[in-house]
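Subject: Structure handover

Hello,

Here is the structure I said I would pass on. My notes on what was found in it follow below.

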Amino acid sequence: GRMHPVFGLWPVHLAEELRQALQQPEIRKVARFVSRFRVAKVSFDQPGRDPFFNINTLADLRALTEKGG
């Protein structure tokens, strides 16, 4: 139910503008940078699954595997 703006297809020509924006105290969040542009949102509705499940450890990977991820 949340937007994940760091997951997406970005035009390469925005890389420098994004880098500069993330260094500005009033922005510093990708979501604020994204709000400057017209974007297409894609829904990842998968009941019982989190398409943005955070895998940082082997235990996280096992937990996902056990769920049938």
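The side chain of Gln 23 makes a polar contact with the side chain of Arg 19, at 3.4 Å. Please keep in mind throughout that this is a predicted model. Gln 23 sits in the loop that runs between H1 and H2. With a relative accessible area of 53%, Gln 23 counts as exposed, because the cut-off for that class is over 50%.

Arg 19 has a second partner. A salt bridge joins the side chains of Arg 19 and Glu 16, with an N to O distance of 2.5 Å. Both residues belong to helix H1, which covers residues 15-22. Their separation is 3 residues, or about one turn of the helix. Arg 19 is partly exposed, at a relative accessible area of 40%, and Glu 16 is also partly exposed, at 38%.

How many salt bridges are there by the rule used? The count is 2. Besides the pair just described, there is a salt bridge between Glu 17 and Arg 36, whose closest N and O atoms are 3.6 Å apart. This pair links distant parts of the chain, with the two positions 19 residues apart: Glu 17 is in helix H1, while Arg 36 is in the loop between helix H2 (30-34) and helix H3 (58-66). Glu 17 has a relative accessible area of 34% and is partly exposed; Arg 36, at 42%, is partly exposed as well.

Next, the aromatic residues. Searching the whole structure gives 2 aromatic pairs. Trp 10, Phe 33 and Phe 37 make up one aromatic cluster. Of these, Phe 33 is located in helix H2. Is Phe 33 buried or exposed? Its relative accessible area is 0%, so Phe 33 is buried, the limit for that class being under 20%.

The surroundings of Phe 33 can be listed. If neighbours within four places in sequence are set aside, Phe 33 contacts Trp 10, Leu 14, Glu 17, Leu 18, Ala 21 and Ile 27. Glu 17 is thus on that list and also takes part in the salt bridge with Arg 36. As for backbone positions, the C-alpha atoms of Phe 33 and Leu 22 are separated by 7.9 Å, and the two residues are 11 residues apart along the chain.

On the surface, Phe 7, Val 42 and Phe 44 form a nonpolar patch. Together they have about 310 Å² of accessible area. Val 42, one of the three, lies in the loop between H2 and H3. At a relative accessibility of 63%, Val 42 counts as exposed.

Last, the totals for the protein chain. The secondary structure consists of 3 helices and 0 strands, and the order of elements from the N terminus is α-α-α. Of the 69 residues, 10% count as buried; Phe 33 is classed as buried. The accessible surface comes to about 6100 Å², and 54% of that belongs to carbon and sulfur atoms. Among contacts with a separation of 6 or more, 26% are between residues 24 or more positions apart.

Regards

Key: Residues numbered from 1 in each chain as written. Predicted model: local features only at pLDDT ≥ 70, side-chain atom pairs only at ≥ 80, totals over all residues. Heavy atoms only, no water. Salt bridge = Lys/Arg side-chain N within 4 Å of Asp/Glu carboxyl O. Helix = DSSP H or I, 4+ residues; strand = E, 2+ residues; numbered from the N terminus. Buried < 20%, exposed > 50% of the residue type's maximum accessible area, 1.4 Å probe, protein only. Polar contact = N/O pair within 3.5 Å; in protein donor to acceptor, adjacent residues only side chain to side chain. Patch = residues over 30% accessible without salt bridge, like charges linked within 9 Å, V, L, I, M, F, W, Y side chains within 5 Å. Areas by Shrake-Rupley, 256 points an atom, 1.4 Å probe, with all protein chains shown as cover. Phe/Tyr/Trp six-rings, centres within 6.5 Å; stacked < 30°, edge-to-face > 60°. Contact = heavy atoms within 4.5 Å.
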